[in-house]
Amino acid sequence: MTPRMVNDMETKPMSYFSLLRITCDEKKCISCGKCRQVCPMDVDMTDNFRKRANGTECILCLECVKNCPKKAL
(Lines give C-alpha, C1' and ligand atoms only; values in the text may rest on other atoms or scores of the structure.)
Protein backbone atom coordinates (compact mmCIF):
# COMPACT_ATOMS: atom_id res chain seq x y z
CA MET A 1 0.00 0.00 0.00
CA THR A 2 1.10 3.49 -0.71
CA PRO A 3 1.45 5.93 2.20
CA ARG A 4 -1.52 7.94 0.86
CA MET A 5 -3.79 4.90 0.81
CA VAL A 6 -2.85 3.96 4.36
CA ASN A 7 -3.60 7.51 5.49
CA ASP A 8 -7.04 7.44 3.81
CA MET A 9 -7.87 4.11 5.41
CA GLU A 10 -6.93 5.43 8.82
CA THR A 11 -9.04 8.56 8.58
CA LYS A 12 -12.18 7.35 6.76
CA PRO A 13 -14.76 5.00 8.24
CA MET A 14 -15.09 1.61 6.59
CA SER A 15 -18.53 2.51 5.23
CA TYR A 16 -16.74 4.89 2.84
CA PHE A 17 -15.14 1.86 1.17
CA SER A 18 -18.19 -0.40 1.46
CA LEU A 19 -19.34 -2.32 -1.61
CA LEU A 20 -22.94 -2.01 -0.44
CA ARG A 21 -24.49 1.40 -0.90
CA ILE A 22 -28.05 2.62 -0.98
CA THR A 23 -28.68 4.79 -4.02
CA CYS A 24 -31.59 6.95 -5.03
CA ASP A 25 -33.40 6.66 -8.36
CA GLU A 26 -33.78 10.36 -9.06
CA LYS A 27 -36.55 9.72 -11.60
CA LYS A 28 -38.76 8.12 -8.93
CA CYS A 29 -37.82 10.40 -6.01
CA ILE A 30 -40.35 13.12 -5.14
CA SER A 31 -38.05 14.81 -2.59
CA CYS A 32 -40.49 14.24 0.29
CA GLY A 33 -37.66 13.90 2.82
CA LYS A 34 -39.08 10.81 4.56
CA CYS A 35 -35.81 8.92 4.07
CA ARG A 36 -33.86 11.55 5.98
CA GLN A 37 -36.53 11.83 8.70
CA VAL A 38 -36.34 8.13 9.55
CA CYS A 39 -32.56 7.78 9.19
CA PRO A 40 -30.95 7.37 12.64
CA MET A 41 -27.68 8.75 11.21
CA ASP A 42 -29.24 11.72 9.33
CA VAL A 43 -27.80 10.62 5.97
CA ASP A 44 -29.02 12.43 2.85
CA MET A 45 -29.94 9.41 0.73
CA THR A 46 -31.12 11.50 -2.22
CA ASP A 47 -27.51 12.47 -2.98
CA ASN A 48 -25.71 9.59 -4.74
CA PHE A 49 -22.21 11.05 -4.43
CA ARG A 50 -19.64 9.63 -1.99
CA LYS A 51 -19.30 13.04 -0.38
CA ARG A 52 -23.02 13.31 0.46
CA ALA A 53 -24.01 14.69 3.86
CA ASN A 54 -23.12 12.09 6.51
CA GLY A 55 -22.73 9.49 3.73
CA THR A 56 -20.00 7.59 5.51
CA GLU A 57 -22.20 7.29 8.60
CA CYS A 58 -24.76 4.99 6.95
CA ILE A 59 -25.24 1.81 9.01
CA LEU A 60 -27.38 0.07 6.34
CA CYS A 61 -30.39 -0.22 8.62
CA LEU A 62 -32.63 0.18 5.53
CA GLU A 63 -35.18 2.37 7.32
CA CYS A 64 -34.99 4.80 4.41
CA VAL A 65 -35.78 2.01 1.93
CA LYS A 66 -38.71 0.75 4.02
CA ASN A 67 -40.24 4.24 4.35
CA CYS A 68 -39.79 5.54 0.80
CA PRO A 69 -43.33 6.00 -0.63
CA LYS A 70 -42.11 5.79 -4.25
CA LYS A 71 -39.55 2.98 -3.76
CA ALA A 72 -36.84 5.27 -5.12
CA LEU A 73 -34.18 3.78 -2.84
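A contact here means heavy atoms within 4.5 Å.

**Figure 1. Overall fold of the predicted model.** The protein has three helices and zero strands. Along the sequence, the pattern reads α-α-α. Of its 73 residues, 22% count as buried. About 5300 Å² of the protein is exposed, and carbon and sulfur atoms supply 57% of that area. Take the contacts between residues at least 6 apart in sequence: 53% of them join residues at least 24 apart.

**Figure 2. Close-up of Gln37 in helix α2.** The helix covers residues 34-38. Gln37 counts as exposed because its relative accessibility is 63%, and the cut-off for exposed is over 50%. Asn67 lies 30 residues away along the chain, with 9.5 Å between its C-alpha atom and that of Gln37.

**Figure 3. Close-up of the largest cavity.** The protein holds two cavities of 30 Å³ or more. The largest contains about 90 Å³ of space. Its lining consists of 13 residues. Nearest the centre of this cavity lie Cys29, Cys32, Cys35, Thr46 and Cys68. By class, eight lining residues are nonpolar, three are polar and two are charged.

**Figure 4. Close-up of the second largest cavity.** This cavity contains about 50 Å³ of space. Cysteines in the lining are Cys39, Cys58, Cys61 and Cys64. Ile22, Met41, Ile59, Leu60, Leu62 and Glu63 also line the second largest cavity. By class, the lining has nine nonpolar residues, no polar residues and one charged residue. Glu63 is the charged one, as Glu belongs to the charged class.

Note on methods:
Residues numbered from 1 in each chain as written. Predicted model: local features only at pLDDT ≥ 70, side-chain atom pairs only at ≥ 80, totals over all residues. Heavy atoms only, no water. Helix = DSSP H or I, 4+ residues; strand = E, 2+ residues; numbered from the N terminus. Buried < 20%, exposed > 50% of the residue type's maximum accessible area, 1.4 Å probe, protein only. Areas by Shrake-Rupley, 256 points an atom, 1.4 Å probe, with all protein chains shown as cover. 1 Å grid on protein atoms, 1.4 Å probe; cavity = no way out; pocket = protein on both sides within 12 Å on 5 of 7 lines; lining within 4 Å. Points joined across faces, edges and corners; volume = space filled by probe spheres on them.
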